Amino acid sequence: MSSATPLLETRSLTKEFRGFRAVSEVDLTVSEGSVHALVGPNGAGKTTLFNLLTGFLTPSSGSVLFDGRDITGLAPEQIAPLGIARSFQITSLFEQMTLREHLELALASPTGMGRQWWRPVSRMSVFADRSMELLDQVGLADRAGVPAGSLAYGQKRALELAIALALDPRLLLLDEPTAGMGIEDIDRTITLVKRIASGRTVVLVDHNMHVVGSLADRVTVLQAGQILAEGPYDEVRTDERVITAYLGSAHV
Amino acid sequence: MSEQMTASVDVDLSQPSILSRRSPWRPLLLLGGLVVLVMLPYWIYPPVAMDILCWGLFAISVDLLLGFTGLLSFGHAAFWGGSAYATGLIATTWGVPFPVAVLGGAAFAMLIAVPIGFLSVRRTGIYFAMVTLAFAQMLYFIANQARDLTGGENGLQGIPRSFFGIEAIEQDSFYFYYAGAALILVGIIIAWRVVNSPFGRVITAVRDNPARARALGYDVERYKIGAFVISAGLAGLAGGVFAISHGFASLQELVWTTSGKVVLVTVLGGIGTLWGGLVGAGVVVTLEDSLASSGFEGIGMITGAIFVVIVLLFRHGIWGTGRDLVRRWVIDRRSRPRG
Ligand SMILES: Nc1ncnc2c1ncn2[C@@H]1O[C@H](COP(=O)(O)OP(=O)(O)O)[C@@H](O)[C@H]1O
Ligand SMILES: [Mg+2]
């Protein structure tokens, strides 16, 4: 919550798709240790912004700074080890891999074990205990041995969280972690994200204002690729322009 | 534990293999495999037996990419044929024992695989297949032009089969089979090790969801190049033994239909099964041999027709379908109430 050094900063960040500006001149500042919500109607450019931050898309112009370092144009596999982890809006798992294998894979990544082609795969079980801890944190310990494809939707979202956590990131980007969830799962996720957020910085996209209100220190409203408003939740919620932007949208 | 899920998953590669450590089938299958390996030259003409093993390893190398990394190479003749020539040239020039020449050939295959892999793994699907095909055609063209080195259309003839002066192996194709089989076995064990390693876990992750793998910090392209180079080395090992076995290397080894044939053998055996390649090779090589010795002209047509039938009937290839049947049988027996 301190306004000292921003952990993440974007400067006039812009992404054009064939002339169409999905993200336009965005100056975003996320301070270390905060939970920062990114809201806005569908198509506002939230996911595109996440893709720009994590290297899945290259900006048309502008820059991204993480902890003061310019990371613009780096590849996802270069950005992830710096301490930025993301969850995907559309659940993105290895359907046939078991839950524990997912976490072992995530935990093994920074160790370089993945390059070992001459060793038995059972060596990855050195991460088994930590994997179980993480699964336990998201309430999936009893499903450790089943393939991810067989999970219920809410459980898949929870697994996404566990995987992101396995990377022990300084900055966690969560793209609609509660989308499509029932009210119970949503409340569980809120508790979970609160727990996760301690000692980390979180940027969260969510349409559910209950989720945003419960979690976010600051809110940035995005519309048509541009920042419409920014401030503490209660301020932004009552902002005239924001209300207009959301009018007719089912989410508020 | 998780076998119960089998029915709902389409291409089911994550299931514990029937060769996994805990499987009761493992000793039986390994023993059976060993018996076949040893007895093969008693049952069929030894050079044909050798061809089966060479093509089997060749198909396994393709499966490592197609089944486990998700890359369809349509240019693997470059590594098989490239190594056949390199092996032949090494054996002819220096007269080294043939396993040394074969290893040299495999090393050559890996060497050319580095730039080819580097330039092709950025593409996926059909584009990857086309880029690999283009490189293989380039190598074919070079081998055809460099007559002084490769003998052009005549190929590289009279490759010696030196083996520490042990005449039985140098002269007799029956004994040579066992020496060649040992080399092929090394290749098979490497392939098996790779698939069941941390690296193997990563490449299957890359195959299933490259974006997620990247978000975890895995350099997808590098892992693909790694798999590509290992695969090329195995194809090279197979092609080298093949060249030594026949005593010559010809343009036939580099032509694009060879790349096509090995994909066919792999699909026939079963994509993502690893062992299927050996079964597919057994079927295709014996079939071609028996058709050829009967003087039949339309070999390609027959193998093509059989390919279509098998692929239509057995979606997971011969090995994959057999494995599924065994699994279903095991599960049925398990779930049956005990009297
Ligand atoms: N790869 C792409 N190519 C073209 N247009 C895209 C691409 N990705 C997103 N867009 C467009 O950019 C806009 C913003 O999309 P997105 O970032 O997914 O919005 P949000 O996540 O806020 O709902 C949308 O109009 C979408 O159609
Ligand atoms: Mg989105």
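A nonpolar surface patch joins nonpolar side chains (Val, Leu, Ile, Met, Phe, Trp, Tyr) within 5 Å, using residues with over 30% relative accessible area and no salt bridge. Accessible areas come from the Shrake-Rupley method with a 1.4 Å probe, and for residues only the protein chains shown count as cover. A salt bridge is a side-chain nitrogen of Lys or Arg within 4 Å of a carboxyl oxygen of Asp or Glu.

This is a predicted model, in which local features need pLDDT of at least 70 and side-chain atom pairs count only at pLDDT 80 or more, while totals for chains, interfaces and linings use all residues. Residues are numbered from 1 along each chain as its sequence is written, chains are lettered from A and ligands numbered from 1 in the order in which they are written, and side-chain values use heavy atoms, without hydrogens and water.

**Exercise 1. Describe the nonpolar patch of chain B and place B:Tyr42.**

Step 1: B:Leu31, B:Val35, B:Val36, B:Tyr42 and B:Trp43 make a patch of about 540 Å².
Step 2: B:Tyr42 sits in helix α1 (residues 26-43) of chain B; helices are DSSP runs (H or I, at least four residues), numbered from the N terminus.
Step 3: With a relative accessible area of 54%, B:Tyr42 is exposed (buried is under 20%, exposed over 50%, partly exposed in between; 1.4 Å probe, protein chains only).

**Exercise 2. Find the residues that coordinate the magnesium ion (ligand 2).**

Step 1: Look for donors, meaning N, O and S atoms within 2.8 Å of the metal (3.2 Å for Na, K and Ca); water is not among the atoms, so sites may look incomplete.
Step 2: A:Thr47 (OG1) and A:Gln89 (OE1) coordinate the ion at 2.0 to 2.2 Å.
Step 3: A:Thr47 belongs to helix α1 (residues 46-53) of chain A, and A:Gln89 to the loop between β7 (84-86) and α3 (99-108), 42 residues apart.
Step 4: Both are partly exposed, A:Thr47 at 25% and A:Gln89 at 28%.

**Exercise 3. Work through two of the salt bridges and one network.**

Step 1: The side chains of A:Asp234 and A:Arg237 pair at 3.7 Å, N to O. They are about one helical turn apart because 3 residues separate them in helix α8 (residues 233-237) of chain A.
Step 2: B:Arg122 and B:Glu221 also form a salt bridge (3.7 Å, N to O). B:Arg122 lies in the loop between α4 (98-120) and α5 (125-145) and B:Glu221 in helix α11 (residues 220-246) of chain B, so this pair ties together parts 99 residues apart in sequence. B:Glu221 is partly exposed at 30%.
Step 3: Through shared partners, salt bridges join A:Arg100, A:Glu101, A:Glu104 and B:Arg201 into one network.

Note on methods
Helix = DSSP H or I, 4+ residues; strand = E, 2+ residues; numbered from the N terminus. Patch = residues over 30% accessible without salt bridge, like charges linked within 9 Å, V, L, I, M, F, W, Y side chains within 5 Å.
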